[in-house]
Amino acid sequence: MLAKIPVVNTNLPTGVPFVSIDNKTGITVPPKNSDALSRAINYLLQNPELARAMGQNGKKRVEQMFSLDKMLQEIEKIYGDLIKN
């Protein structure tokens, strides 16, 4: 996503669905469904302006969620919670 490329991912309970937003930063397909995966990839290839917009949205989302400042804030919060307990 940081490379401004839309993602095609599955909705497995991993980190990708948390980061990617269906139809905004890419396309989410059901797991173990190669037909849906193929359709999603072809759809993005046939709609370059949409793919470009999704790529831009993805880059912005990654920069917001995983900036150095954001990561430091999250680490400080974790350590703060540990100290309180």
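**Core, a buried threonine and two salt bridges**

In this predicted model, the largest nonpolar core is made up of seven residues: Ile27, Val29, Ala36, Ala40, Leu44, Ala51 and Met54. At least two of these core residues come from each of β2, α2 (34-46) and α3 (48-65), with α2 putting in the largest share, three residues. As for alanine 36, once residues up to four places away in sequence are set aside, it touches Val29 and Pro30.

Threonine 25 sits in the loop between α1 (15-19) and β2 (26-29). Its relative accessibility is just 1%, so threonine 25 counts as buried, the cut-off being under 20%. The side chain of threonine 25 makes a polar contact of 3.0 Å with the side chain of serine 20, and a polar atom of that threonine 25 side chain also lies 2.7 Å from the backbone nitrogen of isoleucine 21. Neighbours within four places in sequence aside, the contacts of threonine 25 are Met1, Pro6, Val7, Ser20, Met54, Asn57, Gly58 and Arg61. One of these, Met54, also turns up in the largest nonpolar core.

Turning to charged pairs, the count of salt bridges comes to two. One links the side chains of glutamate 63 and lysine 59 at 2.4 Å, N to O; both residues lie in helix α3, four residues apart, or about one turn of the helix. The other joins glutamate 74 to lysine 70, with the closest N and O atoms 3.5 Å apart. These two are separated by about one helical turn because they are four residues apart in helix α4 (residues 68-84). Glutamate 63 is partly exposed at 38% relative accessibility, as are glutamate 74 at 34% and lysine 70 at 30%.

How values were computed: Residues numbered from 1 in each chain as written. Predicted model: local features only at pLDDT ≥ 70, side-chain atom pairs only at ≥ 80, totals over all residues. Heavy atoms only, no water. Buried < 20%, exposed > 50% of the residue type's maximum accessible area, 1.4 Å probe, protein only. Polar contact = N/O pair within 3.5 Å; in protein donor to acceptor, adjacent residues only side chain to side chain. Contact = heavy atoms within 4.5 Å. Core = buried A, V, L, I, M, F, W, Y, C linked by side-chain atoms within 4.5 Å. Salt bridge = Lys/Arg side-chain N within 4 Å of Asp/Glu carboxyl O.
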